[in-house]
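Dear colleague,

I am passing on a structure that I would like you to look over when you have time. My notes on what was found in it follow below.

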Amino acid sequence: MHRFFRLLGREFVIGLPFTWLALFFFLPFLILAYISFVEMGNDIHPFKPLWDSASGVLNLKYENYSSIFRAEGGALFDTLYLEAYGRSLKYAFATATLCLAVGYPFAYFLARASAHVRPALLMMVMLPFWTSFLLRVYAWKGILADQGLLNQLLLALGLTSEPIQMLYTDVSMLVGMTYVYLPFMVLPLYANLVKLDYRLLEAAYDLGATPWKAFWLVTVPLSRAGIIAGFMLVFIPALGEFVIPSLLGGPENLMIGRVVWDEMFTANNWPRASALAVVMIGVIVVPLALYYRRHGQQADGRH
């Protein structure tokens, strides 16, 4: 009986996250994929059925996907959607890189700090989560505006004679995205660095390595898991970001999140918006799956 309850508890612990994924990821994804292959209907029936019972034909509207890669003039790979995907990938990668450059030193300092100081430093990292996301983004609008705090400070110090255009630029958007997603980089890096065995650094010093060389040859390789986790935690949500580019970015910074919004709520074309979302999920999931498969094969080879 004890063995039975132990196996039952094991199955429950393993099955609970899979159930969560099935309900809140796979099921919504299947609904999204279904909508991406249908055609818009009327007000009573918003989507035309895939299966025509009268003719026995499966009506899959592949044009929702082909239109992403083909322009109206017939040009291949020259569409607004692919430009939005490319722009989103560029800004997401830049945001993740900036978060890594800023967050790694802070996470390293946090991990090396004394035990009684770490809770306060961790509180500083998590403190922005206590404030509304929109309020934080609007605060940056007030800081970067032509008559904002930063321009007023530059004018008062005599560093410039007129306001500098900072809002609605690439810089303002990257600043806002880096600020918002920085904690997602710091926390996994800290969790990895705090477990680092510093005796390895002492051994490197004893073998004649300089602090900088020991950092690159010991600390960075041992924190690779935290770097990858933090990079993914920043890159994935930044790829589909909608609010920050809309509030801080210029009209030319049209990212895929805004395109999906326009297709769904302005053009009322839910199937094409769903197809755009499915392609975006594929852009994220496929490389991750390939990476983890390769990583798992390498781990099995080492064992």
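Which residues line the largest pocket? In this model, which is predicted rather than determined by experiment, the lining is made by V102, F106, M124, V125, P128, W140, V175, T178, Y179, L182, P183 and V186, and the space within the largest pocket comes to about 260 Å³. Helix 7 (170-193) contributes at least two residues to this lining, as do helix 3 (80-112) and helix 4 (118-126), and the largest share, six residues, belongs to helix 7.

The UniProt record, an unreviewed entry, lists residues 12-37, 91-111, 120-139, 171-193, 214-239 and 273-292 under "transmembrane region". For two of these ranges I can add the computed conformation: residues 91-111 are 100% helix and 0% strand, with end C-alpha atoms 29 Å apart, while residues 171-193 are likewise 100% helix and 0% strand, with 30 Å between the end C-alpha atoms.

On the surface, I14, F18, W20, L21, L23, F24, F25, F26, L27, I31 and V285 form a nonpolar patch of about 1100 Å², and helix 1 (residues 2-36) provides the largest share of that patch, ten residues. One member of the patch, W20, lies in helix 1 and counts as exposed because its relative accessibility is 57%, where the cut-off for exposed is over 50%.

With best wishes

Terms used: Residues are numbered from 1 along each chain as its sequence is written. This is a predicted model: local features need pLDDT of at least 70, side-chain atom pairs count only at pLDDT 80 or more; totals for chains, interfaces and linings use all residues. Side-chain values use heavy atoms; hydrogens and water are left out. UniProt positions are given in the numbering used here, feature names are shortened, and annotations may be inferred rather than shown by experiment. Helices (H or I, at least four residues) and strands (E, at least two) are DSSP runs, numbered from the N terminus. Patches are made of residues with over 30% relative accessible area and no salt bridge: like charges are joined within 9 Å, nonpolar side chains (Val, Leu, Ile, Met, Phe, Trp, Tyr) within 5 Å. Accessible areas come from the Shrake-Rupley method with a 1.4 Å probe; for residues, only the protein chains shown count as cover. A salt bridge is a side-chain nitrogen of Lys or Arg within 4 Å of a carboxyl oxygen of Asp or Glu. Buried means under 20% relative accessible area, exposed over 50%, partly exposed in between (1.4 Å probe, protein chains only). On a 1 Å grid over the protein atoms alone, a cavity is a set of points where a 1.4 Å probe fits but cannot get out, and a pocket is an open set with protein on both sides within 12 Å along at least five of seven lines; lining residues have an atom within 4 Å of a point. Grid points are joined across faces, edges and corners, and a volume is the space filled by probe spheres set on the points.
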